[in-house]
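User: Can you walk me through reading this structure? I would like the general idea, then the case at hand.

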Amino acid sequence: MDKTRMDPEAFKSTMSDLNFGNVMAAAARDYQKELLAQGKAQASTTTNEEVDLDDLMDDPELEKLHADRIAALKKEAEKRQALKKQGHGEYREISEGDFLGEVTGGEKVICHFYHREFYRCKIMDKHLKSLALIHIETKFIKLDAENAPFFVTKLGVQMLPCVIMFRKGVAVDRVVGFQDLGAKDDFTTKTLERLLIKKGIIDEKKYEDEDGNVDGENRRSIRSSVNFDSDSD
């Protein structure tokens with residue numbers, strides 16, 4: 001067996017070609033759908049027939065579609081990077097002194113007021129941590145209620161867990177306990193996600209499968225349920 005190692009530059013080139021191929025394949029699928037929608041496909045074309053990439057490489061419409069897709073991906077990447085610099089894309093604990101700056105420094109913010117020893121607060125933590133990774137458009141933070149007496153009083157927090165939603169620094173809604181989540185401990189991340197979407201604090205995500213089909217209900221990046229240790233510490 002030849003165990004000669006691949007040259008690093010050759011490896012980078014190969015990976016670049018693969019990435020380009022993936023984008024082109026996705027663009028080709030979009031182009032095929034457009035042709036079918038416009039009635040340009042031949043009557044003999046079956047639903048499972050694949051588009052020949054070699055025949056489409058020089059097609060100006062495909063080239064434009066590819067360029068538009070690349071531009072959209074680049075714009076989205078820049079937006080995500082800017083949001084990450086503002087603390088989005090993760091679930092962070094803050095102090096009372098940081099609270100005002102955090103909730104006024106973002107368009108949409110979710111803050112979980114919690115108690116370290118409350119089991120239901122730990123359940124809420126698990127779900128919010130999962131959602132923070134997906135819904136980068138919203139900032140997810142948590143604040144220990146025991147260490148934030150001023151804001152607990154100011155915001156009228158009387159029961160934990162208490163998840164308060166802010167828009168431009170103004171508290172607009174909240175989820176108190178699990179009453180809106182089926183009043184049980186084993187609700188799924190998707191259940192919480194749907195509730196937050198309904199309240200308008202996070203956006204509904206669209207996911208694309210291997211065939212390019214968009215499904216707003218398919219949450220591949222989210223575990224449908226969360227397992228917890230029997231010991232609540």
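Analyst: We will take the sheet, a helix packing, one loop residue and some backbone features in turn. This is a predicted model: local features need pLDDT of at least 70, side-chain atom pairs count only at pLDDT 80 or more, and totals for chains, interfaces and linings use all residues. Residues are numbered from 1 along each chain as its sequence is written, and side-chain values use heavy atoms, with hydrogens and water left out.

User: In what order do the strands of the open sheet lie?

Analyst: Strands of a sheet pair through backbone hydrogen bonds, either parallel or antiparallel. Helices (H or I, at least four residues) and strands (E, at least two) are DSSP runs, numbered from the N terminus. Two strands pair if DSSP finds at least two bridges between them. Here 5 strands form an open sheet in the order β1-β3-β2-β4-β5, and the pairing is mixed. β1 (91-94) and β5 (170-176) are the edge strands, each pairing on one side only. β1 and β3 (residues 139-144) run parallel and are joined by 4 bridges. I94 stands opposite L143 in β3.

User: How do α5 and α7 cross?

Analyst: Fit axes to the C-alpha atoms, for helices over the stretch in contact; angles between N-to-C directions run from 0 to 180 degrees. Under 35 degrees counts as roughly parallel, over 145 as roughly antiparallel, 65 to 115 as roughly perpendicular, and the rest as oblique. The axes of α5 and α7 (residues 189-198) come within 10 Å and cross at roughly 70°. The two helices are therefore roughly perpendicular to each other. Contact means heavy atoms within 4.5 Å. Residues meeting across this pair include M124 and L128 in α5, and L192 and L196 in α7.

User: Is E137 buried or exposed?

Analyst: Buried means under 20% relative accessible area, exposed over 50%, partly exposed in between (1.4 Å probe, protein chains only). E137 is in the loop between α5 and β3. At 11% relative accessibility, E137 counts as buried. The E137 side chain reaches the backbone nitrogen of D203 at 2.8 Å.

User: Which peptide bond is cis, and which residue in the loop between β4 and β5 has a positive phi?

Analyst: Most residues other than glycine have a negative phi, and most peptide bonds are trans. The bond from L160 to P161 is cis, with omega near 0°. P161 sits in the loop between α6 (149-154) and β4. K168, in the loop between β4 and β5, has a positive phi near 55°. K168 is exposed, at 60% relative accessible area.

Key: A polar contact is a pair of N or O atoms within 3.5 Å; within protein, one must be able to donate a hydrogen and the other to accept it, and residues adjacent in sequence count only if both atoms are side-chain atoms.
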